[in-house]
Amino acid sequence: MSTYITTPIYYVNGEAHIGHAYTTFIADALARHARLRGSETYFLTGTDEHGQKIEESAKKNGQETQTFADAISATFKNLWDDFNISYDQFIRTTDAAHKKGVQHAFEVMFARGDIYKDFYEGNYCVSCEAFFPESQLLDGGCCPDCGRSTSVVKEESYFFRLSAYEQKLLEYYDAHPDFILPKSRRNEVINFVRGGLQDLSVTRTSFTWGVPIPQSLNDPKHVMYVWLDALLNYVTALGYGQNEALMKFWPASVQLVGKDILRFHAIYWPAFLMSLDLELPRHIGAHGWWTRDGEKMSKSKGNVIHPKEVSEAYGVENLRYFMMREVPFGQDGDFSQRAFIDRINSDLSNDLGNLLNRIIGMSGKYSEYRIDSLHVSTYHAKELADMRRIIESLEAYWSELQIHRYLEELWRLFAIGNKAIEEHAPWAKVKEGRLDEALATVALVANILAKASLLLHGVMPHTTQTIARALGFEISPQHFVRLIGEDALLEPFTIEVIPPLFPRVEAPLIAEAPKVLHGGGEAVAVQESKKMQPETKSVEGVITVEQFFAVSLRIGQVLEAEIVPKSDRLLKLQVDVGDAAPRQIIAGIREFYAPEALVGTQVCVVANLKPAKLMGMLSEGMLLAAKDERGLCLIRPESPKTVGTPIR
């Protein structure tokens, strides 16, 4: 079966924002994953460039309308190219082929009797390009969607018989319960249709910037309503009404939209397709909106997030992961730099990056970087079985568009790898002369990383290619079949030594947006000036939150402990903090703890402390402890945590 993925075509009344990037990242992830599974895939994105709003915006900017549309459309295409989005076609509604396809569809609908001419009078919102009945208007005759003023328009128009498809749509929703995703959005669409559908005005005579209706109707003053024109891009891109070679990809597998345009895609679009005798898409996926630090983004507040700026500061792969992992599909998301940094440091640096660093380090010490899966099944049958169960459960999350759950479950593979290193302690096995067992654990983790990189590829394509190269294979459908489908293990290989994939981020890399105070009906940006802020006095011993977060605190596990000769206070500890090899820490706790009582316990470690020498021995960290008149005790986690877990 082929796969066809579409984003909405983005309206060229402004440059791309973080919400556009979110939609496009999801579509790109779906397309890449489908290709890796061997499905013939076509991925469409593009820009919507017609309508009165574009015509007026061009005039305000003193430009020809086409020139204005060209410039804005180019910003979208250039951004997706910078982000390495793997689209197969970037369509523009000003493309000649698109216009011809739309005109052909209009003729088909007209011949069928689904389009007729009449007069329309109603309240029209230029911003939303839509008419609204008086019963839906806000106070003062304002638009119920955007809140802007509407104007009463009376003009001759061609209408689409949307009312004729009311029952057919309800029957289709009933027969296809997963047509609208997430399913929580389904009822709002059904209720809207049950409330009664009115025929839809599909042409305008009050402006000229649009697709003219077919010449065969001999009515040149009419141009098509922007939604009829725009929605048809999904089939005109495949050659509908012309060279239809690409129509083999129809129906679309997933069509992604924002929740604000779900009605157009889940009601108008299916009705148009029924009129054209075309199949309906398998899924319409509606995602939520993004806020910044809990506030709606707007230019007036100065808190709009520019995806290019974020990607340049943090990396586009990190941004892709954060946006798809942080928010359940369909719900609104909040962009917070602190949450973003936590994801980078915890999920990416600690769980994934450190796991690769550890096996590079251990294989270098124990086997000259050579890794062989020969004994993995012998010593790690349980881990392999657990890994298989997780992998078998993952695919369903893609089909339900629950990518955050997919990633959450996928990360359990890294937990298996980290736990295996803690429990089997390869360094201890080597000391005991059990080299085969030690190398089997290293090879187990290599296989976890290999399988996970294939499964993570859609979300982080560049990162996973780097991991695969280090592990001696390539991301390809053939390796997906072998390592995932057939559950095979890696052939013997020499691991490549690579730099850490995810350097830790200790403080925000982008200037925070100004906070906005609301008072007296006005929004006032808080400026860092003496006029707007009371002068703060320096307090001795007080640090900033940035200074606090510069300290890296991690969960560690004591592997070995011994008394330091000629010292009454010191113990020499080997502590696993999630790095490639254990840390040696010299701690002054001998008076309170016997060495044997510490082995196997977890402790809190200051992990980025500059190494120091105590009694001629290197100490690579510090333990957290509390001491009062009753003695000293180590600070420990309430329940066992994965080694290397950051303490916040």
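These are my notebook entries on one chain, taken from a model that is predicted.

**Entry 1: the whole chain**

I began with the overall make-up and found 21 helices and 29 strands in the chain. Along the principal axes, the C-alpha trace spans about 100 × 65 × 40 Å. I then looked up burial, and of the 648 residues in the chain 55% are buried. For contacts with a separation of 6 or more, I noted that 74% are made by residues 24 or more positions apart. The accessible surface amounts to about 29,300 Å², and carbon and sulfur atoms hold 50% of that surface. As for charge, I counted 68 positive and 83 negative side chains, with the centres of the two sets 4 Å apart.

**Entry 2: the nonpolar cores**

Next I asked which residues have the most contacts inside the largest nonpolar core. That core has 179 residues, and the ones I was after are W80, W250 and L471. Helix α17 gives the most to this core, with 12 residues. In soluble globular proteins, nonpolar side chains tend to be buried together. I also noted a second, separate core of 16 residues, with V558, L598, L623 and L634 among them.

I followed W80 further and, leaving out residues up to four places away in sequence, listed what W80 touches: Y10, A16, H20, A21, T24, T45, I85, Y87 and F90.

**Entry 3: helix α18**

I turned to helix α18, residues 461-470, and found it mostly covered, since seven of its 10 residues are buried. The buried ones are P461, T463, T464, T466, I467, A468 and A470. What covers these buried residues includes α1 (18-36), α11 (316-326) and α12 (337-367), and also α17 (435-456) and β18 (493-494). Helix α17 is thus on my list twice, as part of the cover of α18 and as the element that gives the most to the largest nonpolar core. After α18 comes G472, for which I read a positive phi, near 80°.

**Entry 4: an open sheet of four strands**

I traced an open sheet whose strands pair antiparallel in the order β6-β5-β7-β9. The edges are β6 (130-132) and β9 (200-201), and each has a single partner strand, so one side of each is left without a neighbour in the sheet. For β6 I looked up the pairing with β5 (residues 115-125), which is antiparallel and rests on three bridges. Within this pairing, N123 has F132 of β6 as its bridge partner.

**Entry 5: strands β22 and β23**

Is strand β23, residues 583-587, mostly covered or mostly open? I found it mostly covered, with five of its five residues buried. I checked the two faces in turn: R583, I585 and A587 are buried on one side, and Q584 and I586 are buried on the other. Strand β22 (residues 571-576) runs antiparallel to β23 and is joined to it by five bridges. One detail that I kept is that K572 has I586 in β23 as its bridge partner, and I586 is one of the residues that I had already listed as buried.

**Entry 6: a buried lysine**

Last, I looked up K53, which sits in helix α2, residues 52-60. Why does K53 count as buried? Its relative accessibility is 16%, and the cut-off for buried is under 20%. Setting aside neighbours within four places in sequence, I found K53 in contact with Y11, N13, V126, S127 and E129.

Key:
Residues numbered from 1 in each chain as written. Predicted model: local features only at pLDDT ≥ 70, side-chain atom pairs only at ≥ 80, totals over all residues. Heavy atoms only, no water. Buried < 20%, exposed > 50% of the residue type's maximum accessible area, 1.4 Å probe, protein only. Pairing = 2+ DSSP bridges. Contact = heavy atoms within 4.5 Å. Areas by Shrake-Rupley, 256 points an atom, 1.4 Å probe, with all protein chains shown as cover. Lys, Arg positive; Asp, Glu negative; His and termini not counted. Charge placed at Lys NZ, Arg CZ, Asp CG, Glu CD. Core = buried A, V, L, I, M, F, W, Y, C linked by side-chain atoms within 4.5 Å.
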